[in-house]
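Q: I am new to this structure and would like a close look at its largest pocket. Please set that part in the context of the rest of the chain.

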Amino acid sequence: GEDPTWEDFVTDFELKFFTAHFRAQKKTELLALKQGTMRIPEYEAKFFELARFAPELLETEEDKMFLF
C-alpha cells in the first residue's frame with residue numbers, strides 16, 4: 001500500500017485526540033460559516049481550519065465548492 005501522507009496523519013491524530021463534542025462543534029461552525037466582512041483569504045483560512053474537523057462533508061471537490 002501507499003505510505004500515509006502528512007494530511008492522513010493529521011486527520012487520524014485529530015480524530016483520536018479531539019472529542020466528538022469538539023468535532024461536532026467545529027462542524028456546526030463550518031456549516032454556519034459566512035464570509036461577512038472577512039476578506040477572501042481570511043474566509044478561506046477559516047473554512048479550511050474548520051473543514052479539517054468534518055472531512056466527511058468534503059470528500060469531493062464538488063462538496064468543497066458547495067460549502068465554500
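A: A pocket here is an open set of points on a 1 Å grid over the protein atoms alone, where a 1.4 Å probe fits and protein lies on both sides within 12 Å along at least five of seven lines; lining residues have an atom within 4 Å of a point. Its volume is the space filled by probe spheres set on the points, which are joined across faces, edges and corners. The model is predicted, so local features need pLDDT of at least 70 and side-chain atom pairs count only at pLDDT 80 or more, while totals for chains, interfaces and linings use all residues. Residues are numbered from 1 along each chain as its sequence is written, and side-chain values use heavy atoms, with hydrogens and water left out.

The largest pocket holds about 350 Å³ of space. It is lined by 14 residues, and those closest to its centre are Glu7, Thr11, Ala51, Arg52 and Pro55. By kind, the lining divides into seven charged, five nonpolar and two polar residues, where Asp, Glu, Lys and Arg count as charged, Ala, Val, Leu, Ile, Met, Phe, Trp, Tyr, Cys and Pro as nonpolar, and the others, Gly among them, as polar.

To see where this lining comes from, it helps to look at the fold. The chain has four helices and zero strands, and its pattern along the sequence reads α-α-α-α; helices are DSSP runs of H or I with at least four residues, strands are runs of E with at least two, and both are numbered from the N terminus. Three of these helices, α1 (6–17), α3 (40–51) and α4 (61–67), each supply at least two residues of the pocket lining, and the largest share, five residues, comes from α1.

Several residues of these helices show how the parts of the chain are placed. In α1 sits Glu14, which is charged but counts as buried because its relative accessible area is 7% (buried means under 20%, exposed over 50%, partly exposed in between, with a 1.4 Å probe and protein chains only). Leaving aside neighbours within four places in sequence, Glu14 is in contact (heavy atoms within 4.5 Å) with Arg23, Arg52 and Phe53, and Arg52 is also among the residues closest to the pocket centre. Phe13, which lies in α1 as well, counts as partly exposed because its relative accessibility is 41%. Phe13 and Phe53 are 40 residues apart along the chain, and their C-alpha atoms are separated by 11 Å. In α4 there is Glu62, which is exposed because its relative accessible area is 53%. Glu62 is 55 residues away in sequence from Glu7, and the two lie 20 Å apart in space, C-alpha to C-alpha.

Helix α2 (residues 20–32) holds Lys26, which counts as buried because its relative accessibility is 14%. Beyond its neighbours within four places in sequence, Lys26 is in contact with Leu50 and Phe53.

Ala51, one of the residues closest to the pocket centre, also belongs to the largest nonpolar core, whose eight residues are Leu30, Leu33, Tyr43, Phe47, Leu50, Ala51, Ala54 and Leu58; such a core is a set of buried Ala, Val, Leu, Ile, Met, Phe, Trp, Tyr and Cys residues joined through side-chain atoms within 4.5 Å. Helix α3 gives the most to this core, with four residues. Leu30, which is in α2, is buried because its relative accessible area is 2%. With neighbours within four places in sequence left out, Leu30 is in contact with Phe47, Leu50, Ala51, Ala54, Leu57, Leu58 and Leu67. Under that same exclusion, Phe47 is in contact with Leu30, Leu33, Leu58, Lys64, Leu67 and Phe68. Leu30 and Met65 are 35 residues apart along the chain, and 13 Å separates their C-alpha atoms.

Finally, for the chain as a whole, the C-alpha trace spans about 45 × 25 × 20 Å along its principal axes. Of the 68 residues, 16% count as buried, and among contacts with a separation of 6 or more, 47% join residues 24 or more positions apart.
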